[in-house]
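Got your viewer open? Let's take a walk through this structure, one selection at a time.

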Amino acid sequence: MADFTLKLRRYDPDSGEAAYWQDFDVDMPPERSVLDGILKARADEDGSIAIRCSCRAAICGSCGVRVNGQSVLACNTKLSDAVRGSKQDGAIVVEPMGNMPVIKDLIVDMDAVHWKKVHRVVPWLLPEGEPPEREYIVDAEAMIDVTQSMACIQCGVCVSACLSMEVDPEFIGPAALAKAYRFVGDPRDAHTEERLNDLAEDEHGMYDCTHCFACIEVCPKDVAPMNQIMRLRRLATADYGIKDSNNGYGHEKAFVDIIRRWGTLHEAQLLPRSFGQGSLVQSQVQPAALKQLIDSAPTAARGLKSGKVSPWKVLFHKKLADQDQVRRIYDEIEGKDDRLELNLYIVGESEDDEGEDEEEGTE
Ligand code: SF4
Ligand code: SF4
Ligand code: FES
């Protein structure tokens, strides 16, 4: 047994008082969870502590909180690990998840944010035509592709950690976009292009993600929401050629073309090319692109003032010494008939593979 101090953020809207911190000492084995600690504090000291939980085994997804500032499942976080991550003299700081309004103590309003966003992506299959007499038959490969997004337990921990959502609360967000890929990637769904178009054209849609990796780091089920968002983008741009009004297509094309030409990022070219569907010329002749370019003039001015952008950097950008090698990689990848998607979620070997390996080994 060991003593742990839990510093809980308390808030009761009915009291009319502001939120405050309250310490509770619990005596428990270190391998027990933060949730166990909170439940013990509630049982022994203060029955009014509010936290949502059910399975206590990282399955139901209801006990999301922030421990020492990190979004986690309380039942999936050991007291010993939490105390090691303490930034307050060993006290384990527990507060409600971020990006969602607090209802009471550690309980947030999932309906107001998380579930609203999940509903936004039409989270059910939309097949067309007469249903088959028996069941739909789907290739195993196709199901492997969506298995990772299907592992989501809707805990909202990634929503809590999402940095883009802090800046733009309307952003659809990691959990809902992972759910969107679950149906976009399902061959039984007949509305793939409409779904992609919708997520590309929404100004708070899939191009609002800034690749910060936070959702990948915190997800307790390895759903890797950011990877699902990147898959949605690749489908929208490379496979369906959706040229959206948010310049997602243009931004991606600008990156690809710049690296092909120079080998490193030419930032001064990135902005105008992004607004011109990837082309420098179009950004100067298309009224909408030109307007967006003019609107971003204050950003460019700030860059010049801070020294991040200089007239020299704008005009000249050195190519890599072995730029031909970069082009060769492009040619080889683009010369392939199919795009290869690695699904790193499914690991291990099938029994057949093992058999083959053994046979190979005996030869
Ligand atoms: S990678 Fe994108 S979706 Fe994930 S937390 Fe960062 S901004 Fe949000
Ligand atoms: S993607 Fe992961 S973190 Fe986000 S809601 Fe699903 S299980 Fe939770
Ligand atoms: S109580 Fe179910 S996930 Fe934590």
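Before anything else, a word on pLDDT: it is the predictor's confidence in each residue, from 0 to 100. You need it here since this is a predicted model. Colour the protein chain by pLDDT and you are looking at a mean of 89, with 90% of the residues reaching 70 or more. Now select residues 357–363: there pLDDT stays under 50, and the model gives this stretch zero contacts beyond four places in sequence.

**The whole chain**

Zoom out and switch to a cartoon view. The protein chain holds 18 helices and seven strands, and its C-alpha trace spans about 70 × 65 × 50 Å along the principal axes. Of its 363 residues, 34% count as buried. Take the contacts between residues at least 6 apart in sequence: 64% of them join residues at least 24 apart.

**Three domains**

Give each domain its own colour: domain 1 is 2–107, domain 2 is 110–129 + 138–244, and domain 3 is 247–340. Between the C-alpha centres of domain 2 and domain 3 there are 26 Å. Where these two touch, domain 2 puts in eight residues and domain 3 five. On the domain 2 side, helix 10 gives the most, with three residues. That side divides into four nonpolar, one polar and three charged residues.

**Ligand 1**

Next, select ligand 1 and show what surrounds it. Which residues come nearest? Out of 15 around the ligand, they are C162, S164, C209, C212 and C215. Helix 6 (163–167), helix 9 (214–218) and helix 10 (225–239) each supply at least two residues of this shell, and the largest share, three residues, comes from helix 10. Colour the shell around ligand 1 by class and you get 12 nonpolar residues, three polar and no charged.

**Ligand 2**

Hop over to ligand 2. Its surroundings count 14 residues, and the closest are C152, C155, C158, C219 and V223. Helix 5 (157–161) and helix 7 are the elements that give two or more residues to this shell. Helix 7 gives the most, with three residues. By class, the shell around ligand 2 has 11 nonpolar, two polar and one charged residues.

**Helix 4**

Now pick helix 4, residues 140–150, and show the side chains of D145, V146, Q148 and S149, which are buried. Why do these four sit on the same side of helix 4? They cover an arc of only 135° around its axis. As a rule, an α-helix has 3.6 residues a turn, so residues three or four places apart point the same way. Add helix 7 (174–184) and helix 10 to the view, and you can see what the buried residues of helix 4 pack against.

**Helix 15**

For the last stop, select helix 15, residues 297–306. Is it covered or bare? It is hardly covered: the count of buried residues among its 10 residues is zero. Click on G303, which has its place in this helix. G303 counts as partly exposed because it has 17 C-beta neighbours inside 10 Å, while 20 or more would make a residue buried. Leaving out residues up to four places away in sequence, G303 touches K308 and V309. Draw a C-alpha to C-alpha distance from G303 to A268 and you get 10.0 Å, though the two are 35 residues apart in sequence. Finish on G307, just after helix 15, which takes a positive phi of about 90°.

Technical notes: Residues numbered from 1 in each chain as written. Chains lettered and ligands numbered in written order. Predicted model: local features only at pLDDT ≥ 70, side-chain atom pairs only at ≥ 80, totals over all residues. Near = placed C-beta within 6 Å. Nonpolar A, V, L, I, M, F, W, Y, C, P; charged D, E, K, R; others polar. Buried ≥ 20, exposed ≤ 12 C-beta atoms within 10 Å, placed from the backbone. Arc of directions from axis to C-beta. Contact = placed C-beta atoms within 7 Å. Domains from an automatic or database assignment.
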